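Here's a look around this model, going from the seams between its parts to a few individual residues. Have the structure open as you read.

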2 protein chains.
Amino acid sequence: MFADIEHAAQRIQGEAVLTPLLENVKLNALTGGRVFIKAENLQRTGSFKFRGAWNCISKLDPAVNAGGVVAYSSGNHAQGVAAAAQLRGIPALIVMPEDTPEIKKANTKSYGAEVVTYDRATESREEIANYYVAKRGAVLVPPFEHADIIAGQGTCGLEIIAALAGLGVELDDMLVNCSGGGLTAGIALAFSEKSPKTKVHSVEPEGFDDYARSLRSGVREQNPRSSGSICDALLAPQPGEMSFAMNNGRLAEGYAVSEAEVRRAMRFAFETLKLVVEPGGAAGLAAVLSGKLATKGRTIGIVLSGGNVDPKLYAEILMAA
Amino acid sequence: MFADIEHAAQRIQGEAVLTPLLENVKLNALTGGRVFIKAENLQRTGSFKFRGAWNCISKLDPAVNAGGVVAYSSGNHAQGVAAAAQLRGIPALIVMPEDTPEIKKANTKSYGAEVVTYDRATESREEIANYYVAKRGAVLVPPFEHADIIAGQGTCGLEIIAALAGLGVELDDMLVNCSGGGLTAGIALAFSEKSPKTKVHSVEPEGFDDYARSLRSGVREQNPRSSGSICDALLAPQPGEMSFAMNNGRLAEGYAVSEAEVRRAMRFAFETLKLVVEPGGAAGLAAVLSGKLATKGRTIGIVLSGGNVDPKLYAEILMAA
């Protein structure tokens, strides 16, 4: 419900960063429109995920929930949960794929969390997480299938709309980098209430466009693979049940971007926007730069949803230019 | 005069970016204080220089000043002037050192300016600039020795103070990356009027700390060398006469940072702040991270004054970590 986002906005105030909504003269000139950039890479823990994690975990009582929290995550949710748990004073155990970028594992540990790794191809992260939940009497904090998580991510949309209202702008299109669909659902809910004429679109990596295909077919489609994209944050195997129930019928057409388009967007973010963006965080920018949608004369919002990228990968992308 | 900064603030509105004043949980934890980060790397043209350039050039009349403008610059002022002239509809010729990072030359040309290069060791940029001023009937836009330039840069300070007022914070220390001293003079003037208890400090590269030494001796000292620092934006040979007259007696102690400290700050900006900062733009951050001043329990402002860095240099710095 929309009111949940408003409550979440109160809850995160003073803990989450009110990230800037930026505009760039060169990007506008390139597109012929106005592109508004929500810089969630500047969010606490380096991605939007802290919003939902804190909205969920701040409700827990350290006296009651001494077993803490357990989460499974490719990395950004892990950091969000770890930081939120540390702030709340409860332990966190995070189940992460072995092939997660080192910076995400190290950062998760830096927030005091315990990290357990698993093989993305052969093991079930849900099973491992449930094992620790039972063993420790912990609370599971899922990455997107939870009303508090979705409401927390929705605060990102609320902030975009508020900043635009200050400029007298209503968006034609809002692009959201999409994995399980929690951020997308939260933002789409915020826009449906406060800016209903804006079309909200999912953006995914090519080959992992389960959301775009599910929106077309009306049922939750699976991705054929579970790894093999540079966008390590956007590899959920299929839309979440809860998020898809919210997004189906509410979202407009979904877009998919190639790895080359993502790399180009990361270079553009570095050189022109002066922002560090992880691959999955650059999907919406990649869609805009590669002309997946009409931009001329239009107002378009994108979310740079995270900046937790291995510096050596970024260096390689910059060197290859 | 302070009123000139207020007029400049009106003049740049809608053309310059009102850049965010950021805070980072990890940086605060590291320092034990609160560090406020003015992200001028997100400014139009990638550095604060557009402020002064537009404040100066927006006053010119294309009918009267058809000869356009001439400037000499190691790069950021060049881009600021080129973009401002393009916006005003007059030609710009920029005299740049041959060893300027390629990205700065290319960016300057991208704003429609003509670029003439010179040898930093053997030629005088002032002489070359004056030659073109006379030949074209152009207006010289100096990098710091001009009241309009200093007032324009001062708007950066005004914005910092306004954002802090919204948070109920007054800074103990304000660190300004310093070359000729225009930004420093503008910011120091703004603080002396609006936040007089804040101590404003210059930050320079080791070996190019003419400002710090001049503040100690009370006369304008020269740097022994004119090149050889990674901080290509901070190589003015000595304090400007006008800027030093404003800064002498108004600034507190100046700091100098080593190349290793700057590189470490650039890595920190990338990994933790998720911001792309050029070497000279990272000097204040380097001073904070390397403990040049007491930070525990204190409120400190820094300016990430520019982000126009060769991607390959940044890649090398990231790879070396």
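## Where the two domains of chain A meet

Between domain 1 and domain 2 of chain A there are 12 residue pairs in polar contact, with both partners at pLDDT 80 or more. That cut-off applies because this is a predicted model. Helix 1 (2-12) and helix 7 (147-167) of chain A each put at least two residues on the side of domain 1 that touches domain 2. Helix 7 of chain A gives the largest share of that side, with 8 residues. The same seam of chain A also has 5 salt bridges between domain 1 and domain 2. As for charged pairs in chain A, K59(A) forms a salt bridge with D148(A), and their closest N and O atoms are 2.8 Å apart.

As for the bounds, the domain assignment splits chain A into domain 1 (2-47 + 146-319) and domain 2 (50-140). The C-alpha centres of these two domains of chain A sit 23 Å apart. In contact terms, 32 residues of domain 1 of chain A meet 24 residues of domain 2 of chain A. Together the two domains of chain A bury about 2300 Å², and 52% of that is on carbon and sulfur atoms. R11(A), T45(A) and D232(A) are worth finding on screen: they supply 26% of the area that domain 1 of chain A buries against domain 2 of chain A, more than any other three residues.

## Where chain A meets chain B

Now for the seam between the chains. Here 28 residues of chain A are in contact with 28 residues of chain B. The two chains bury about 2500 Å² between them, with carbon and sulfur atoms giving 71% of it. F270(A), K274(A) and M319(A) account for 27% of what chain A buries against chain B, more than any other three residues.

How many salt bridges are there between chain A and chain B? The count is 0, though 7 residue pairs, both at pLDDT 80 or more, are in polar contact across the two chains. On the chain A side, the elements that give two or more residues are helix 2 (25-31), helix 5 (102-110), helix 11 (259-273) and helix 13 (311-319). Helix 13 of chain A has the largest share, with 7 residues.

## The nonpolar core

The largest nonpolar core has 78 residues, and L285(A), Y314(A), L285(B) and Y314(B) touch the most other members. Leaving out residues up to four places away in sequence, L285(A) touches L27(A), A265(A), F268(A), A269(A), L273(A), I302(A) and L304(A). As a general point, nonpolar side chains tend to be buried together in soluble globular proteins.

Over in chain B, L273(B) lies in helix 11 (residues 259-273). Is L273(B) buried or exposed? With 5% relative accessibility, L273(B) counts as buried. Beyond residues up to four places away in sequence, L273(B) touches L42(A), N24(B), I37(B), F268(B), L285(B) and L304(B). N24(B) is 249 residues from L273(B) along the chain, yet their C-alpha atoms are separated by 6.9 Å.

## Charged pairs

Across all chains, a search of the whole structure finds 35 salt bridges. In helix 5 of chain A, K105(A) and E102(A) lie 3 residues apart, about one turn of the helix, and their side chains meet in a salt bridge at 3.5 Å, N to O. K105(A) counts as buried, at 12% relative accessibility.

R136(A) and E114(A) make another salt bridge, at 2.9 Å, N to O. R136(A) is in helix 6 (residues 125-136) of chain A and E114(A) in strand 5 (residues 114-118) of chain A, so this pair ties together parts 22 residues apart in sequence. R136(A) is partly exposed at 32%, and E114(A) is partly exposed at 38%.

## A buried serine in a loop

S195(A) lies in the loop between helix 8 (182-194) and strand 8 (199-205) of chain A. S195(A) is buried because its relative accessible area is 3%, under the 20% cut-off. Apart from neighbours within four places in sequence, S195(A) is in contact with E170(A) and A190(A). The side chains of S195(A) and E170(A) are joined by a polar contact of 3.2 Å.

Terms used:
Residues are numbered from 1 along each chain as its sequence is written. Chains are lettered from A and ligands numbered from 1 in the order in which they are written. This is a predicted model: local features need pLDDT of at least 70, side-chain atom pairs count only at pLDDT 80 or more; totals for chains, interfaces and linings use all residues. Side-chain values use heavy atoms; hydrogens and water are left out. Helices (H or I, at least four residues) and strands (E, at least two) are DSSP runs, numbered from the N terminus. Buried means under 20% relative accessible area, exposed over 50%, partly exposed in between (1.4 Å probe, protein chains only). Contact means heavy atoms within 4.5 Å. A nonpolar core is a set of buried Ala, Val, Leu, Ile, Met, Phe, Trp, Tyr and Cys residues joined through side-chain atoms within 4.5 Å. Domain bounds come from an automatic or database domain assignment. Buried area is the accessible area (1.4 Å probe) that two parts lose on being put together, summed over both. A salt bridge is a side-chain nitrogen of Lys or Arg within 4 Å of a carboxyl oxygen of Asp or Glu. A polar contact is a pair of N or O atoms within 3.5 Å; within protein, one must be able to donate a hydrogen and the other to accept it, and residues adjacent in sequence count only if both atoms are side-chain atoms.
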